[in-house]
Every structure is written in C-alpha cells, then in structure tokens.
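Hi everyone, thanks for coming. I'll take a few minutes to walk you through a structure that's new to most of us. Let's put it on the screen.

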Protein chains: 2
Amino acid sequence: MVFVLLTESPVDGEGSWAMSAAEETTGEDTPWGEVTPEAARRLLVAAVDAFAERGYHATTTRDIAGRSGMSPAALYIHFKTKEELLHRISKIGHERALHVLDTEADRDGTAAERLAGAVRSFVRWHAERHTTARVVQYELDALGEEHRTEIVALRRRSDAVVRRIINEGVRDGEFDVPDVAGTTLAVLSLCIDVARWFNAQGSRTPDEVGELYADLVLRMVGARTASGRKQ
Amino acid sequence: MVFVLLTESPVDGEGSWAMSAAEETTGEDTPWGEVTPEAARRLLVAAVDAFAERGYHATTTRDIAGRSGMSPAALYIHFKTKEELLHRISKIGHERALHVLDTEADRDGTAAERLAGAVRSFVRWHAERHTTARVVQYELDALGEEHRTEIVALRRRSDAVVRRIINEGVRDGEFDVPDVAGTTLAVLSLCIDVARWFNAQGSRTPDEVGELYADLVLRMVGARTASGRKQ
DNA sequence: CCCGAACCTGAGCAAGCGCTTAGGGGCTGT
DNA sequence: ACAGCCCCTAAGCGCTTGCTCAGGTTCGGG
C-alpha cells in the first residue's frame with residue numbers, strides 16, 4: 001500500500017521509494033529469524049513487501065509466490081491461508097514493536113527520560129522498518145475475528161506502557177497533563193502514523209525523526225526539555 | 001476498512017461502531033449535495049460506507065449497488081469505473097477538509113489562536129466525518145496515477161496552510177519551533193490519524209478531541225496556552 | 001398517442017482470485 | 001540401492017470480480 005503524503009519529499013514514480021523487507025535487515029538481529037524453514041521466511045518477506053506496497057486485499061498469492069521465486073502452490077505448504085501469512089507478520093511485528101517500547105520503559109531514569117527514549121525508539125522502529133510497520137499498523141482489519149482480537153490485545157499493552165510512564169511523570173511533578181488517557185492516545189497515534197508517511201528517499205533519517213518526535217512529545221506532556229527549558 | 005485501535009472504547013463486534021455516511025449529514029449543508037443526479041449520490045454515499053468499512057479493494061461493485069438498492073449495472077451509468085467513484089469521493093473530501101482548514105487560518109487573531117482554531121476544526125471534521133475521512137486519508141494509493149497526483153496536490157495545500165501559521169507564530173515570537181517543516185508534518189499527521197482511531201461509540205465527542213488536540217498542538221509549538229501558561 | 005431521452009435491470013463474459021490435488025525430484029538414513 | 005520424507009510444481013477447480021449490453025420502464029413535450 002503506497003502512502004505518499006504531505007510534503008516529505010516530492011512524489012516521484014510510484015514505488016520508487018520502496019525499501020524491501022529484506023533490505024531492512026540492517027542493524028537488527030535477523031528480522032524474521034524466527035520464521036522457519038527458509039522457504040517460509042522467503043515467502044513471508046515477499047508478503048511483507050507486497051502487502052506494504054499494494055495492501056493486503058490487492059495482493060495476490062501469485063504475486064507473493066512470484067517474488068519468492070516459487071509457484072503459487074508452494075505458499076500453501078507453509079501457510080494454511082493468505083490470512084495466516086498476514087497474521088504471522090502482524091503478530092511478530094507487534095511483538096517486536098512492543099519489545100522496543102518495553103525495553104526503553106524499563107530503563108532507569110526520570111519519566112521524561114524514559115518517555116523520550118520510548119518515543120525515540122518506537123518512532124525509529126516505525127521509520128526504519130516502515131515497510132513492516134505499514135502492514136502491521138494498517139492491515140489489522142484484514143485479519144479474521146480471532147486473530148484480530150489477539151493482535152488488539154498486544155496493542156493495548158503498548159498503550160499501557162506509555163500511559164504508565166506519563167502517569168509516573170505526573171505523580172512526580174515532572175509532567176503537566178490534564179488528560180492522561182487522551183494524551184497517551186495522541187502520543188501513540190503520532191508515533192504509529194510515522195509508518196504511513198515515512199519515505200526512505202525522503203530528507204529525514206529515522207534517527208532525526210525519532211529525535212524530533214521525542215522533543216515534541218516532551219512538549220506535549222509539559223516536561224522540561226533536554227536543554228532545560230520548562231513547561 | 002475497520003480500524004479498531006488503542007484503547008478508545010472496547011472492541012465489540014465488528015462494524016458495530018459504524019456510523020453511515022448518510023447519518024453524518026447532521027450539522028452540515030448537505031454533505032454530498034454537489035453530486036447529481038440523486039441516484040449517483042446514493043451510490044456514492046453507499047460507496048463511502050463500504051470503502052470505510054472494508055477498504056476499497058475489499059469492496060465489490062455489487063456491494064455498493066446492493067446498499068443503494070440498485071443492480072450492479074446501475075453503477076456504470078453514473079461512474080465510468082469503480083476507481084472514478086473513489087476519485088470523486090477523495091476529491092470532494094479533500095476539498096472540504098482543506099476548506100475547513102483555510103477558513104480557520106484566514107480568521108483574525110494571533111498565530112496561536114489561528115493554529116488552535118485550525119487544529120480544532122480540522123480534528124473535529126476528521127472525527128465527525130470519520131467514515132468519509134478514513135476513505136479520503138487511507139485509500140489514496142488505490143487511485144490511478146493521474147488521480148493520485150491531483151489529490152496529492154490538494155494535500156500539499158493543507159500542509160502549506162499549517163506551515164504558514166507556524167511560521168508567522170515563530171516570526172512574531174509567539175512560538176518556539178526549531179524545525180518548522182517537521183513540526184508541520186507532525187501536526188498534520190496527528191490530526192489525520194484521528195480518522196483511523198476515532199470511534200463514534202467511544203467515550204470522546206468530536207468536540208472534546210478537537211479541544212484536546214488544539215491544546216496539545218499549542219504545546220508542541222511552545223505557545224502560551226489559553227490559560228496563560230508559557231512555553 | 002407517440003417520441004426520444006434518461007434511467008435502470010437481468011443475464012452474462014472474460015479474467016483473475018484463493019486454494020487443491022496429483023505427482024515428481026532430491027535429500028536422508030540404512 | 002532404496003524407502004521414506006520433505007519440498008516443490010503443473011494444472012486446474014469453483015467462484016467472484018469489474019464491467020458490458022440488449023432490452024425494458026418511466027416521463028415530459030408535441
């Protein structure tokens with residue numbers, strides 16, 4: 001599903017910005033390493049690319065198989081249905097995103113430091129792995145009833161992590177937040193939407209976006225900034 | 001395309017939250033009034049509902065026709081293709097959203113007042129008309145090359161409006177914004193994403209979300225708040 | 001009373017969809 | 001050498017898709 005929006009870099013030919021899910025490997029401990037055998041992983045990586053480019057419903061099993069250099073039938077040896085493929089992608093993706101958030105939330109430090117760290121890492125993840133993130137964040141509705149319920153549970157945990165940090169900041173007098181639930185929602189919404197607009201060919205690196213967003217979120221909660229300014 | 005995310009209200013049976021595009025009429029001067037004849041409007045309204053619920057690619061022309069109480073063939077009397085239907089929806093939707101933004105940006109007042117007004121109205125629009133907004137904001141990629149280019153141009157104008165206000169605020173010393181382009185991007189991203197998570201059955205009204213977001217955005221740009229707090 | 005225009009339908013076409021099935025190569029261990 | 005297993009393909013089934021087309025209904029004007 002190709003999202004080219006706002007002003008982040010000019011709109012050039014469709015798909016020209018695309019980074020393949022395989023390329024995204026850089027800087028991470030083998031991104032789909034848990035998927036075996038190797039043929040299944042190749043299919044899954046191809047599916048991530050295809051789903052991200054065209055969307056789940058517009059992607060055909062023949063396309064996925066073709067990208068993996070296999071016949072359409074090969075897909076059904078490793079996955080029961082096309083929907084199961086999406087489910088595995090979505091589940092692994094959510095678990096990884098949640099892990100990123102959890103890791104930062106569990107560090108030592110002030111609430112502001114932890115919130116900034118969580119946003120920075122979470123946003124960087126969504127930017128670096130925007131191909132995966134796009135599928136994970138925007139194809140939820142294509143899942144079947146049970147699978148969707150399972151994934152939504154994972155999402156609630158992300159929400160809980162962010163809310164906890166903000167609550168602690170308020171309790172310790174670091175933050176000024178009239179509406180914790182609403183602000184939590186807005187913070188996560190902001191981070192997640194990075195997957196939609198981020199463009200690998202754009203002018204910003206994932207690190208820069210993470211830094212910018214960490215600063216913006218600290219302002220949203222009325223925290224002291226790194227440079228010492230107040231409220 | 002059903003997005004049920006984060007913690008805004010529990011996830012109940014799918015589609016139960018849906019407000020039809022027809023119902024959304026309330027409080028606006030006939031929302032699809034420019035679409036004639038009446039049969040074409042009925043088809044278009046049905047298409048908005050269907051696209052918002054299932055997504056463009058997962059919606060069949062038979063479904064759209066069925067919702068309008070017509071045969072599939074009737075659709076092709078009023079629209080050349082299914083894609084043309086999406087294009088008309090997308091164009092009208094973008095024009096209305098942009099109009100909302102423009103109206104607030106052109107008012108008198110400080111940059112902070114205008115930015116708050118613009119965000120409040122833009123967010124309220126995305127919440128109240130989230131069915132339409134979801135199609136408008138998240139089905140861009142389903143458009144053909146030329147149609148997409150046309151719509152992207154409209155989007156750039158939204159960006160320019162927000163950027164102008166922020167620039168003026170910085171110039172007048174009202175705002176403290178290190179990265180105007182990035183902050184503009186973030187503000188619009190935040191507003192647009194409301195269409196994804198907003199749930200009519202949720203606990204927040206469009207007005208409340210608009211108010212919350214206007215406050216959050218003023219904090220993001222380091223403005224004085226309505227209550228007189230600083231930076 | 002009929003005309004032409006506007007609008008709509010029933011039936012269906014060609015293409016493409018997700019998925020299945022029968023069968024065949026190439027490993028492994030014995 | 002060969003059985004047993006895993007992995008894969010060619011072919012294609014049954015169905016749905018976007019879309020078409022010949023024909024029918026309704027209606028205002030002459």
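So, to start: how far is a phosphate oxygen of DNA strand C from a polar backbone atom of A:T59? The answer is 3.2 Å, and keep in mind that this is a predicted model. A:T61 also uses its backbone here, with a polar atom 2.9 Å from a phosphate oxygen of DNA strand C. With A:Y76, it's a polar side-chain atom, and that one sits 2.7 Å from a phosphate oxygen of the strand.

Which elements give two or more residues to this surface? They're helix 2 (61–67) of chain A and helix 3 (72–78) of chain B. Helix 3 of chain B has the largest share, with four residues.

Okay, stepping back a bit. There are 18 residues around DNA strand C, and A:T60, A:R62, A:Y76, B:I77 and B:H78 are the closest. Sorted by class, we've got eight nonpolar, seven polar and three charged residues. And on the DNA side, sugar or phosphate makes up 49% of the strand C atoms within 4 Å of the protein, with bases making up the rest.

Last topic: cysteines. How many disulfides are there over all chains? Zero. Take A:C191: its closest cysteine sulfur belongs to B:C191 and is 15 Å away, so that's too far for a bond. Seen from the other chain, B:C191 is in no disulfide either. Are these two buried or exposed? A:C191 is buried, at 2% relative accessible area, and B:C191 is buried too, at 1%.

That's my tour, so over to you!

Notes: Residues are numbered from 1 along each chain as its sequence is written. Chains are lettered from A and ligands numbered from 1 in the order in which they are written. This is a predicted model: local features need pLDDT of at least 70, side-chain atom pairs count only at pLDDT 80 or more; totals for chains, interfaces and linings use all residues. Side-chain values use heavy atoms; hydrogens and water are left out. A residue is near a molecule or strand if one of its heavy atoms lies within 4 Å of it. A polar contact is a pair of N or O atoms within 3.5 Å; within protein, one must be able to donate a hydrogen and the other to accept it, and residues adjacent in sequence count only if both atoms are side-chain atoms. Ala, Val, Leu, Ile, Met, Phe, Trp, Tyr, Cys and Pro count as nonpolar, Asp, Glu, Lys and Arg as charged, and the others, Gly among them, as polar. A disulfide is a pair of cysteine sulfur atoms within 2.5 Å. Buried means under 20% relative accessible area, exposed over 50%, partly exposed in between (1.4 Å probe, protein chains only).
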